[in-house]
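Colleague: Thanks for making time to go through this model with me. Could we take it one question at a time?

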Amino acid sequence: MAGIDSELAGEQGAVDERYARLDALRAATRERLAHVRRTGPSGSPQNRSERDAFATLYEDRVAQLEAVEERLVFGRLDLEDGSRRYIGRLGLTDEEQTPLLTDWRAPAAQAFYRATAAHPDGVVLRRHVVTQGRTVTGVEDEVLDLDLLDDEDDTRLSGLSGEGALLAGLAAGRTGRMGDIVATIQAEQDAIIRSELGGALVVQGGPGTGKTAVALHRAAYLLYAHRRTLERSGVLLVGPSRTFLRYIDQVLPSLGETGVVTSTIAELFPGITATADEDEAVAELKGRALMADVVARAVHDRQRVPAQPTRIRVDGRTVVVRPQDVAQAIARARRNHRPHNLARVGFVRDMLGRLADQYVSQLQFEVPPDERGEIVEELRTTREVRIALNLAWMPLTPEKLVSDLWSKPARLESAARGLSPAQREMLARPADSPWTPADVPLLDEAAELLGEDDQAAKAQARAAAERRQSELEYARQVLASTGSGALVSAEMLADRFASTGPSLTTAERAAADRSWTYGHVVVDEAQELSAMAWRSLLRRVPTRSLTIVGDVAQTTAAAGARDWARMLDPVLRSSWRLSELTVNYRTPAAVADAARRVAVAAGLPVSPLTSAREVPDALVVEQVPADGLAVAAARRAEKAASEVRDSAGAGRVALIAPAARVAGLAQVLADAGVPAVVGTASSAADLDATLVLLTPLEAKGLEFDVVVLVEPAEVLAASAGDLYVAMTRPTRSLHVLHSAPLPAGLA
Ligand SMILES: Nc1ncnc2c1ncn2[C@@H]1O[C@H](COP(=O)(O)OP(=O)(O)OP(=O)(O)O)[C@@H](O)[C@H]1O
């Protein structure tokens with residue numbers, strides 16, 4: 001015991017030293033920030049912008065230093081040459097620049113995750129240092145140099161690195177938010193995290209294999225290893241829902257990275273909120289690759305030669321908009337392949353020239369060149385001319401184009417010749433209907449072909465930045481004249497003057513700009529994406545530097561994939577590489593096995609999986625009479641919630657039911673006075689509730705200590721992937737309640 005105590009005391013000394021250095025850096029950076037802010041509003045514009053740049057730099061650095069408080073130090077490597085290296089959340093050196101802590105992402109830290117007894121990579125001993133707050137509570141050693149192991153050593157070598165630390169982490173109560181895994185990344189995960197930046201990397205893995213965790217750590221790694229490339233262009237992370245994005249939103253900040261843009265496909269088009277529901281079959285149809293041709297055709301249809309000439313009186317003379325002139329002007333304007341709205345400028349110029357010629361030819365005198373411009377202007381502003389030219393080549397917004405397709409049957413019929421009348425009927429809906437997520441990739445396609453004028457948005461962003469600058473200036477003057485600077489900074493005051501700040505960070509600018517191209521894009525639950533969604537996503541990453549993670553056995557969307565090659569070959573032209581994750585860290589083995597049997601029986605393409613954990617009595621299956629099912633489920637969920645919740649507020653339970661049963665169950669819970677949150681689409685608080693009632697779709701990507709699953713046969717009937725998702729959410733136990741016969745594999 002004395003041995004372990006002195007080991008802990010030794011590590012405590014090392015950990016204290018590193019926290020002391022962190023504290024000193026924090027204090028120094030805060031002091032620099034305060035100094036910059038004190039500099040006041042004087043100086044040339046250049047001085048001011050330099051000062052602002054420094055202030056932003058120090059603010060970011062302070063935020064970064066604050067974010068690494070928990071588990072600052074988590075590992076130690078003892079090397080063959082007798083040296084020792086501590087691994088932690090960020091790199092630290094002392095005042096003489098001697099390394100104190102190695103950033104987990106640095107090449108020098110790689111052995112911490114990868115070294116094995118067979119390939120020790122110069123490592124003699126790997127130690128996991130477990131801390132609570134700033135106190136060292138345990139160490140766990142793996143001796144990689146087997147010659148050093150003697151009989152008294154009770155260190156076991158398993159396939160898992162840092163098994164004790166890992167299992168302790170896995171068994172902890174869930175908090176409703178995903179945590180980082182830096183301290184216990186496993187070798188197969190590390191290989192993916194550090195895989196090169198270029199090209200498209202597909203990460204396939206069964207439920208709970210850490211795909212989401214790996215994708216997030218990879219984003220943090222890439223930002224570290226390729227900061228110059230990625231800081232300017234930015235990284236985009238696409239997830240299946242806002243709830244999911246909230247579930248993971250603390251991971252990257254805890255890794256010191258705050259500049260990643262997160263979005264769902266439905267949010268990719270700035271300015272459009274697409275939250276309306278629609279039939280799965282309609283969404284699937286809208287997601288098909290052929291819809292790109294439909295949109296292209298619809299744009300083409302708006303460049304139209306009139307059947308009849310139009311005679312227009314201008315200033316006592318007559319000009320004629322002639323079909324053959326329009327046809328020639330359209331052909332000429334199309335020649336340079338510019339987007340519709342931009343090519344229209346050429347078309348209009350051409351037509352006005354032709355009309356001006358007609359006008360001039362009717363005059364009795366020679367028109368000097370400078371007066372010809374006036375004639376053109378006169379024609380341009382004549383209402384009838386404008387109407388006639390618009391009928392031939394209408395300026396369009398993406399919203400108008402797509403909305404007209406759905407609400408005007410003739411437009412759809414003309415554009416969608418490849419669709420049957422029944423399919424067109426499916427797409428029809430009234431004008432002004434709210435947007436659905438499946439509309440968004442079509443709007444994006446339309447924007448691309450129309451060449452929307454994003455100059456307006458850019459000008460707006462510039463104006464906002466200028467406004468902010470003057471608000472800051474004003475705030476500084478206020479502070480200078482009132483002398484209240486110690487309590488409030490100019491920035492804080494400016495924030496109060498205006499609720500909107502400047503769109504100045506890369507992330508903010510990128511998120512507001514539809515045509516922004518990112519340096520890297522990470523897509524989670526990628527199996528759900530339609531062909532049209534891929535098109536709009538790939539437009540945002542012309543370099544095709546992508547991390548694509550998902551599980552083709554968990555697909556819900558009718559437009560989604562059961563096969564990566566079939567989904568990705570058409571969009572990435574076969575140039576993607578595949579990595580697989582094979583260890584399930586979430587679900588207890590008995591639950592994972594049952595889920596797998598059900599999935600195999602349903603014919604899903606399940607990945608091979610071994611489970612890291614055994615938990616006794618993890619699977620309970622209970623049959624109840626049909627009329628008592630809801631009450632039994634509510635009781636079971638309530639009991640589980642009271643059992644899992646700990647004093648710190650951790651512990652989460654999900655009651656997962658087929659969509660058709662959710663309203664009834666919600667009523668039963670309410671009648672019984674059980675505090676539960678229904679659905680997760682609406683508010684951030686949902687993730688903080690101990691008990692939530694969800695459909696399988698809403699549970700996708702999330703995890704809970706206990707899941708109570710109602711009537712699996714009904715879930716299966718809707719979608720086998722949904723049942724696989726629902727069964728694989730718990731970290732401790734799955735309680736199945738049914739009255740109908742159980743699905744094959746579960747019986
Ligand atoms: N190396 C690790 N160390 C500690 N915890 C881990 C590790 N790998 C994964 N986990 C944990 O396992 C759980 C599952 O991870 P994650 O949600 O990333 O899996 P997934 O493959 O995305 O699952 P699904 O496909 O079911 O959504 C999480 O709680 C995660 O923190």
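**Around the ligand**

Modeller: Gladly, and let me start with a lysine: K211 touches V203, G205, V549, G550 and L581, not counting residues up to four places away in sequence. Please keep in mind that this is a predicted model.

Colleague: Which helix holds K211, and is K211 buried or exposed?

Modeller: K211 has its place in helix α6. Around K211 there are 24 other C-beta atoms within 10 Å, and 20 or more are needed to count as buried. K211 is therefore buried.

Colleague: Where does G210 lie, and why does G210 count as buried?

Modeller: G210 lies in the loop between β7 (200-205) and α6. Leaving aside neighbours within four places in sequence, G210 is in contact with I181, Q189, L581 and Y585. G210 counts as buried because its C-beta neighbours inside 10 Å number 25.

Colleague: How many residues surround the ligand, and which are the closest?

Modeller: The residues that surround the ligand number 23. Two of the closest, G210 and K211, are the ones we have just discussed. The full list of the closest is P207, G210, K211, T212 and Y585.

Colleague: Which helices each supply at least two residues of that shell?

Modeller: One of them is the helix that holds K211, namely α6, which spans residues 211-225. The other is a helix at residues 163-171. So that you have both names together, and because helices are numbered from the N terminus, here they are in that order: α4 and α6.

Colleague: How many residues of the shell are nonpolar, polar and charged?

Modeller: Glycine is counted among the polar residues here. With that convention, the shell around the ligand divides into seven nonpolar, twelve polar and four charged residues.

Colleague: Which residues does the UniProt annotation "binding site" cover?

Modeller: The annotation comes from an unreviewed UniProt entry, and such annotations may be inferred rather than shown by experiment. G210 and K211 are among the residues covered. The complete set is G205, G206, P207, G208, T209, G210, K211 and T212.

**Two serines**

Colleague: Where is S607, and is S607 buried, exposed or partly exposed?

Modeller: S607 is in the loop between α25 (589-601) and β16 (610-611). Leaving aside its neighbours within four places in sequence, its contacts are Q204, G205, G206, D551, A553 and E580. Because a buried residue needs 20 or more C-beta atoms within 10 Å and S607 has 19, S607 is partly exposed.

Colleague: Which strand holds S263, and is S263 buried or exposed?

Modeller: S263 is placed in strand β9, residues 261-263. Not counting residues up to four places away in sequence, S263 touches L236, V238 and L268. With 20 other C-beta atoms within 10 Å, S263 is buried.

**Sheets and the whole chain**

Colleague: What is the strand order in the open sheet with parallel pairing?

Modeller: This open sheet has six strands. Its edge strands are β17 (619-623) and β19 (677-678), and each of these pairs on one side only. From one edge to the other, the order is β17-β22-β21-β18-β20-β19.

Colleague: Which residue of β22 is the bridge partner of L709?

Modeller: Strand β21 (residues 704-710) and strand β22 (residues 730-738) run parallel and are joined by six bridges. Helix α26 (residues 629-644) lies across both of these strands, as well as β18 and β20, and runs at about 175° to β21. In β22, the partner of L709 is V736.

Colleague: In the hairpin of β5 and β6, which residue takes a positive phi?

Modeller: β5 (residues 123-132) and β6 (residues 135-143) run antiparallel, with eight bridges between them. One bridge pairs H128 with E140 in β6. Two residues separate the strands in this hairpin, and the one with a positive phi near 60° is G133.

Colleague: What share of the chain is buried?

Modeller: The chain contains 30 helices and 22 strands. Of its 747 residues, the buried share is 41%.

Technical notes: Residues numbered from 1 in each chain as written. Predicted model: local features only at pLDDT ≥ 70, side-chain atom pairs only at ≥ 80, totals over all residues. Pairing = 2+ DSSP bridges. Helix = DSSP H or I, 4+ residues; strand = E, 2+ residues; numbered from the N terminus. Contact = placed C-beta atoms within 7 Å. Axes fitted to C-alpha atoms, helices over the stretch in contact; angles between N-to-C directions. Near = placed C-beta within 6 Å. Buried ≥ 20, exposed ≤ 12 C-beta atoms within 10 Å, placed from the backbone.
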